[in-house]
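Visitor: I am new to this structure and would like a close look at a single part of it. Please set the scene briefly and then stay with that part.

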Amino acid sequence: MTFRSSPIPPGVLTVGAISFTVLAWASAFVSIRSAGSAYSPGALALGRLLAASLVLAVLLLVRRQGLPPREAWRGILVSGVVWFCGYTVALNWGERLVDAGTASLLVNTGPILMALLAARLLGEALPQRLLAGMAVSFAGAVVVGLSMSSGDGGTTSVLGVALCLLAAVAYATGVIAQKPALSYGTPLQITAYSCLTGAVVCLPFAGQLAAELPKAPASATLNMVYLGVVPTALAFTTWTYALARMPAGRLGATTYAVPAIVVLLSWVLLGEVPAWLSLLGGVLCLAGVAVSRYGPRPARTAASGSRLPAGRT
């Protein structure tokens, strides 16, 4: 998972990591809808994080990666508590109170917050193309949200809106906390110990999980396990791999492709034929990501090399 000694060029690996992350996170919306009908928000979060922690622990053993350096732990703890635990519980709860379109729209304020926090706390630049791309993508997310809202009896509550906004804040905060930690630990280490931290914080929901697990249909439990293995264990690792190699604000803008992919996945997997407004919003989301990632290639020099210290993979 750390891509050591790979013959594939680093740029291709980074693009592949981003693509996998976006696809996996988009699929999570479909799985949360299924599993959330049988599991309460806290129980679903704990089950997801326990499944993810098991997979990540195995990967740590296989890769022979132990504890990260002491300097990485601040970011790991903040990310684990705020993002892995807080975001997951808030989003699970929020999606029970508002329709999927509204939830998607509110959570997609996260990349904007991320870019602003990265500029303020990490000193990252805010290029005009990034701001323009985020504006286009956010407009697309609004269109997708409006097209998916209120069409199937969806309702909106003040608490649901607040929870989704809280999830967006937790998402942005967790990413900003992770970025400095990646200067000291590998992507796998940062992801694994952040996930383990989140699972420990979610342990108060163990009673709910134990009570709901025997009653839940197999499909809901399989979706919970899938959420832990793919969108969490694997996708969060590929996310941190990409985060170690590009600015947080720019990487966050790529997640605006998620609403567009959710529309396509709902079409293919759930048979929900998207309205033309959903398709238009999806195109805008993807166009904004393309604009935000476009830029002149830096000139290659003899002194240029990896952005990471030798030995980091």
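**Helix H2 and its surroundings**

Guide: The protein has 13 helices and zero strands. Read from the N terminus, the run of elements is therefore α throughout, from the first to the last of the 13. This is a predicted model, and its confidence varies along the chain. The mean pLDDT of the protein is 78, with 66% of the residues at 70 or more. Helix H9 (residues 206-212) has the highest confidence, a mean of 97, while helix H13 (residues 276-293) has the lowest, at 65. Two stretches call for caution. Over residues 150-155 the pLDDT stays under 50, and the model gives this stretch five contacts beyond four places in sequence. Residues 297-313 are also below 50, with 19 contacts in the model beyond near neighbours in sequence.

A few totals describe the whole. Of the 313 residues, 51% count as buried. The protein exposes about 14200 Å², and carbon and sulfur atoms supply 69% of that area. Among contacts between residues at least 6 apart in sequence, 92% join residues at least 24 apart.

The part to look at is helix H2, which covers residues 41-63. What span should the 23 residues of H2 have, at 1.5 Å a residue? The expected figure is 33 Å, because the span is 1.5 Å times one less than the number of residues. The end C-alpha atoms of H2 are 33 Å apart in the model, which agrees.

One of the residues in H2 is Val62. Its relative accessible area is 59%, so Val62 is exposed, the cut-off being over 50%. Together with Leu54 and Val58, Val62 makes a nonpolar surface patch of about 300 Å². The numbering of the patch can be read against a general rule. An α-helix has 3.6 residues a turn, so residues three or four places apart point the same way.

Other residues of the protein can be placed relative to this part. Ala192 is found in helix H8 (residues 187-201). Leaving aside neighbours within four places in sequence, Ala192 is in contact with Leu56 and Leu60. Is Ala192 buried or exposed? With a relative accessible area of 1%, Ala192 is buried, because the limit for that class is under 20%. Ala192 can also be placed against Phe236: the two are 44 residues apart in sequence, and their C-alpha atoms are 9.0 Å apart in space.

A second residue to place is Ala206, in helix H9. Ala206 and Leu44 are 162 residues apart in sequence, yet 10.0 Å apart in space, C-alpha to C-alpha. Ala206 has a relative accessible area of 35%, so it counts as partly exposed, between the limits of 20% and 50%.

What comes just after H2? Arg64 does, with a positive phi of about 55°. That positive value is found in a residue other than glycine. Arg64 lies in the loop between H2 and helix H3 (73-94). At 78% relative accessibility, Arg64 counts as exposed.

To put the part together: H2 carries Val62, a member of the nonpolar patch with Leu54 and Val58. Leu56 and Leu60 are in contact with the buried Ala192. Beyond the end of H2, the exposed Arg64 sits in the loop that leads to H3.

Key
Residues are numbered from 1 along each chain as its sequence is written. This is a predicted model: local features need pLDDT of at least 70, side-chain atom pairs count only at pLDDT 80 or more; totals for chains, interfaces and linings use all residues. Side-chain values use heavy atoms; hydrogens and water are left out. pLDDT is the predictor's confidence in each residue, from 0 to 100. Helices (H or I, at least four residues) and strands (E, at least two) are DSSP runs, numbered from the N terminus. Contact means heavy atoms within 4.5 Å. Buried means under 20% relative accessible area, exposed over 50%, partly exposed in between (1.4 Å probe, protein chains only). Accessible areas come from the Shrake-Rupley method with a 1.4 Å probe; for residues, only the protein chains shown count as cover. Patches are made of residues with over 30% relative accessible area and no salt bridge: like charges are joined within 9 Å, nonpolar side chains (Val, Leu, Ile, Met, Phe, Trp, Tyr) within 5 Å. A salt bridge is a side-chain nitrogen of Lys or Arg within 4 Å of a carboxyl oxygen of Asp or Glu.
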